[in-house]
Amino acid sequence: MQNFGKVAVLMGGFSSEREISLDSGAAIVEALRSKGVDAHPFDPKETPLGELKTQGFQTAFNILHGTYGEDGAVQGALELLGIPYTGSGVAASAIGMDKYRCKLIWQALGLPVPEFAVLREDSDFEAVEQSLGLPMFVKPAAEGSSVGVVKVKESGRLKAVYEELKHLQGEIIAERFIGGGEYSCPVLGGKGLPSIRIIPATEFYDYEAKYNRDDTVYQCPSDLNDNDEALIRELAVRAADAVGAQGCSRVDFLKDEAGKLYILEINTLPGMTGHSLVPKSAAQTGVGFADLCVEILKTAHVG
Ligand SMILES: Nc1ncnc2c1ncn2[C@@H]1O[C@H](COP(=O)(O)OP(=O)(O)O)[C@@H](O)[C@H]1O
Ligand SMILES: [Mg+2]
C-alpha cells in the first residue's frame, strides 16, 4: 500500500449539499481506515483550510460538493497550500459546474449534446419554441440537484419560465426534450466504468426523486446492449477529457426514442455514500467501496 501520510477527508463545507457531503465523507473515512490509511474528517466550515498544513496533513480526499467544493475554489486553495488532492483541478472543476460552457466544448469536438438555445431578455422566445419543440427543458447553467430545472409543456410559456429562473446561477438554457431514458457513466483514472440506468418514478429526475424519495430505480448493469455500453463509456471518457477532468467523475446521459445517446452533464465530484452511483458501478467490476476509495486517493495530485 502506497503511503499517503495523514489524509484529510474534506467534507461538509458551505454549499447546500453540505449534508450529502458529510454522509459521503463519513463513509470514506471509515473505508480508508479499514484499509490502513490514516484518514481524518476535515470540515472547512469548522476549521480554516490553512490548518491542513499546521495539523500535518499530507493528502486531501475532496468530497465537498457545490459552491467552494467542486467549483475550483477549494482546488485553488489546495494548490496554494501545495497539498495533493483528489479529483479535478481548478479549471476543469470550474468548467464542469457550467453546463453552458461544457456544451460549447463538447459541441466543438463533435460530441452529441441535446440541441439547445441560450435564453436572454431579448430572445425571440417564439422562435426558440418553434425550433426546439414542446415539451422542452429549461434550466440554469450553474445550479445542480435539479434546482430550477423546468419541463415546459405549454405553448407561449417560455418567456414566463425564463423570468422565473433568470435570478439563478449562470445562463438560462432551453434544451430539446430527450425522452428515451436516462443513464450515468463514471470515469475513473481515464477509464469508463459500467453505466447505470436511472428510472425516476417522478416525471423526471427532479429534486424530490434525488433526495426525498426511495422509489427511483437504479439498474447496473444497465439495459444498454454491448455496442451502446462501449459507446457510452467512450463518450464519458471523451467528455471528461474535454473539460480536463481528473480522478473520478461521472457523466450523465439521455437517450432518445431512436436509441441515440446525448451527453447531459458532467459531475466532477460525484457522491460517495453507500448508495451513490459510482460505488454501484465500481461494484460491478468487483471493486468494493473501500478499494474504490483507495483507488481514488491514488489519483491525488497537485500542480
Ligand atoms: N433535455 C432534457 N430532456 C429530458 N430530460 C431532461 C433534459 N434536461 C434535464 N432533464 C431532466 O432533468 C434532470 C435534471 O437536469 P440536469 O440538467 O441534469 O440538472 P442538474 O444539474 O440539476 O442535475 C435530469 O436528470 C433529467 O431527468
Ligand atoms: Mg443532473
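User: Buried means under 20% relative accessible area. With that in mind, which residues of strand β3 in this predicted model point one way, and which the other?

Analyst: Strand β3 covers residues 59-62, and its residues are all buried. They are divided by the direction in which they point from the strand. Thr59 and Phe61 point one way, and the other way point Ala60 and Asn62.

User: Which residue of β3 is the bridge partner of Leu10?

Analyst: Strand β1, residues 6-10, pairs with β3 in the parallel sense, over 4 bridges. Leu10 has its bridge partner in β3, and that partner is Asn62.

User: Between which domains does ligand 1 lie?

Analyst: The shell around ligand 1 receives residues from two domains, so the ligand lies between them. These are domain 2 (95-112 + 179-268) and domain 3 (116-176).

User: How many residues surround ligand 1, and how do they divide into nonpolar, polar and charged?

Analyst: Ligand 1 is surrounded by 18 residues, and the closest are Lys99, Lys139, Ser146, Glu182 and Lys210. Strands β5 (136-140), β7 (172-176) and β13 (261-267) each supply at least two residues of this shell. By class, the shell divides into 8 nonpolar, 3 polar and 7 charged.

User: What share of the area that ligand 1 exposes when taken alone does the protein bury?

Analyst: Polar side-chain atoms of Lys139 and of Lys210 each lie 2.7 Å from an oxygen atom of the ligand. Arg176 places a backbone N or O atom 2.8 Å from a nitrogen atom of ligand 1. Taken alone, the ligand exposes 540 Å², and the share of this that the protein buries is 96%.

User: Is Ser146 buried or exposed?

Analyst: Ser146 is one of the closest residues to ligand 1, and its place is the loop between β5 and β6 (150-152). Its phi is positive, near 65°, although the residue is not glycine. Its relative accessibility is 13%, and the cut-off is under 20%. Ser146 therefore counts as buried.

User: What is the phi of Tyr68, and what is its relative accessible area?

Analyst: Most residues other than glycine have a negative phi. Tyr68, in the loop between β3 and α3 (73-81), is not a glycine, yet its phi is positive, at about 70°. Tyr68 is partly exposed, with a relative accessible area of 48%.

User: Which peptide bonds are cis?

Analyst: Most peptide bonds are trans. Pro135, in the loop between α6 (125-132) and β5, follows a cis bond with omega near -5°, which runs from Leu134. Pro221 lies in the loop between β11 (217-219) and α9 (226-243), and omega is near 5° for the bond that leads to it from Cys220. The cis bonds described here are Leu134 to Pro135 and Cys220 to Pro221.

User: Which side chain joins that of Thr202 in a polar contact of 3.5 Å?

Analyst: Thr202 sits in the loop between β10 (196-199) and α8 (207-212), and it is buried, at 16% relative accessible area. A polar atom of its side chain lies 2.8 Å from the backbone oxygen of Phe204. The contact of 3.5 Å joins the side chain of Thr202 to that of Asp206.

User: How far apart in space are Leu277 and Ile196, C-alpha to C-alpha?

Analyst: Leu277 belongs to helix α10, residues 277-284, and counts as buried at 8% relative accessibility. Leu277 and Ile196 are 81 residues apart in sequence, but in space their C-alpha atoms are separated by 7.3 Å.

Note on methods. Residues are numbered from 1 along each chain as its sequence is written. Chains are lettered from A and ligands numbered from 1 in the order in which they are written. This is a predicted model: local features need pLDDT of at least 70, side-chain atom pairs count only at pLDDT 80 or more; totals for chains, interfaces and linings use all residues. Side-chain values use heavy atoms; hydrogens and water are left out. A residue is near a molecule or strand if one of its heavy atoms lies within 4 Å of it. A polar contact is a pair of N or O atoms within 3.5 Å; within protein, one must be able to donate a hydrogen and the other to accept it, and residues adjacent in sequence count only if both atoms are side-chain atoms. Accessible areas come from the Shrake-Rupley method with a 1.4 Å probe; for residues, only the protein chains shown count as cover. Ala, Val, Leu, Ile, Met, Phe, Trp, Tyr, Cys and Pro count as nonpolar, Asp, Glu, Lys and Arg as charged, and the others, Gly among them, as polar. Domain bounds come from an automatic or database domain assignment. Buried means under 20% relative accessible area, exposed over 50%, partly exposed in between (1.4 Å probe, protein chains only). Two strands pair if DSSP finds at least two bridges between them.
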